[in-house]
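Please open the structure in a viewer and keep the selection panel at hand. The stops below follow one another as a sequence of selections.

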Amino acid sequence: MQVGLINIGDEILAGKILNSNARDMAEWLRELGHETAFMLTIRDGIEPLRDVLRAHFSAPGTDAWPLPRCDLLVLSGGLGPTHDDLTRQAIAAFLDAPLEHSALAATWLGQRLGIAPQDIPPGQATQLVVPRGAVPLHNPAGTACGIRFDMPREGAPP
């Protein structure tokens with residue numbers, strides 16, 4: 001399977017941190033028998049990710065996407081509780097879907113924090129929403145759940 005990696009973060013682009021996630025994910029994918037088709041790092045924000053997703057899922061044969069097409073995109077970054085973590089909002093904008101509370105994400109985060117889901121502080125609550133139609137993915141290593149969404153091969157949503 002061909003996999004594209006999109007890393008999100010101003011701190012990566014500014015050289016403030018080393019992008020070890022990209023290296024680790026590429027190695028993990030190789031061990032699973034997949035090939036990394038490309039790696040791309042974009043800045044934080046709703047528009048940069050929404051626009052990259054639109055370009056990737058544009059009609060085949062257009063010039064909108066200069067990187068190789070792939071079977072799977074893996075996005076890394078922007079799912080935490082800080083002000084610049086906007087990946088879930090960008091995916092919602094791309095899918096034209098509202099964000100909805102996820103009881104599963106609340107259960108997982110409550111367990112991670114050692115508190116009842118209803119006691120999750122407001123500062124952490126942004127991690128409890130996913131775009132309608134997307135599937136929350138359990139993250140045993142952090143507080144933010146992952147998000148999976150599927151796209152038809154023919155193109156982006158209307």
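**Helix α3 and its neighbour**

Begin by selecting Pro-48, which lies in helix α3. The model on display is a predicted one. Pro-48 has a relative accessible area of 12% and is therefore buried, the cut-off for that class being under 20%. Setting aside residues up to four places away in sequence, Pro-48 touches Ile-42 and Arg-43. A distance label from the C-alpha atom of Pro-48 to that of Ile-115 should read 35 Å, for a pair 67 residues apart along the chain.

Next, extend the selection to the whole of α3, residues 46-56, and add helix α4, residues 87-95. Two packed helices are described by the angle between their axes and the distance between the axes. Here the axes of α3 and α4 come within 8 Å and cross at roughly 45 degrees. That angle makes α3 oblique to α4. The crossing of the two helices, α3 and α4, is right-handed.

Which residues meet across this crossing of α3 and α4? On the α3 side, select Ile-46, Leu-49, Arg-50, Leu-53 and Arg-54; on the α4 side, select Thr-87, Gln-89, Ala-90, Ile-91, Ala-93 and Phe-94. Coloured by class, the contact of α3 with α4 shows seven nonpolar, two polar and two charged residues.

**Helix α4 and the residue after it**

Keep α4 selected and hide α3. Seven of the nine residues of α4 are buried, so this helix is largely enclosed by the rest of the structure. To see them, select Thr-87, Arg-88, Ala-90, Ile-91, Ala-92, Phe-94 and Leu-95.

What do the buried residues of α4 pack against? Bring α3 back and add the strands: β1 (2-8), β3 (72-76), β4 (99-101), β5 (129-131) and β7 (146-148) also pack against the buried residues of α4.

Now step off the end of α4 to Asp-96, which follows the helix. Asp-96 lies in the loop between α4 and β4. Is this residue, Asp-96, buried or exposed? Asp-96 is exposed, with a relative accessible area of 64%. Its backbone also merits inspection. Most residues other than glycine have a negative phi. The phi of Asp-96 is near 55 degrees, a positive value in a residue other than glycine.

**Helix α5**

Move on to helix α5, residues 103-113, and select its buried residues: Ala-105, Ala-106, Trp-108, Leu-109 and Gly-110. Display β4 and β6 (135-137) as well, since what covers the buried residues of α5 includes these two strands. Gly-114 follows α5, and its phi is positive, near 75 degrees.

**Strand β7**

Select Ile-147, which is found in strand β7. With 15% relative accessibility, Ile-147 counts as buried. Show the residues that Ile-147 touches, leaving out those up to four places away in sequence: Leu-79, Arg-88, Ile-91, Val-130, Pro-131, Ala-134, Val-135 and Leu-137. Two of these names were selected earlier, as Arg-88 and Ile-91 are among the buried residues of α4. For a longer view, label the pair Ile-147 and Pro-66, which are 81 residues apart in sequence and 25 Å apart in space, C-alpha to C-alpha.

**Helix α2 and the loop beyond**

Turn to Asn-21 in helix α2, residues 20-31. Asn-21 has 44% relative accessibility and counts as partly exposed. Beyond residues up to four places away in sequence, Asn-21 touches Asn-7 and Ser-76. The C-alpha atoms of Asn-21 and Thr-143 are separated by 16 Å, with their positions 122 residues apart along the chain.

Then select Leu-32, which is found in the loop between α2 and β2 (35-42). Leu-32 is partly exposed, with a relative accessible area of 49%. The C-alpha atoms of Leu-32 and Met-1 are 9.7 Å apart, and the two residues are 31 apart along the chain.

**The cysteines**

Finish with Cys-70 and Cys-145. Cys-70 counts as buried at 10% relative accessibility, and Cys-145 counts as buried at 4%. A disulfide is a covalent bond between the sulfur atoms of two cysteines. How many disulfides are counted in this model? With a cut-off of 2.5 Å between cysteine sulfur atoms, the count comes to zero.

Technical notes: Residues numbered from 1 in each chain as written. Predicted model: local features only at pLDDT ≥ 70, side-chain atom pairs only at ≥ 80, totals over all residues. Heavy atoms only, no water. Axes fitted to C-alpha atoms, helices over the stretch in contact; angles between N-to-C directions. Helix = DSSP H or I, 4+ residues; strand = E, 2+ residues; numbered from the N terminus. Parallel < 35°, antiparallel > 145°, perpendicular 65-115°, else oblique. Left-handed = near helix turned anticlockwise from the far one by under 90°. Contact = heavy atoms within 4.5 Å. Nonpolar A, V, L, I, M, F, W, Y, C, P; charged D, E, K, R; others polar. Buried < 20%, exposed > 50% of the residue type's maximum accessible area, 1.4 Å probe, protein only.
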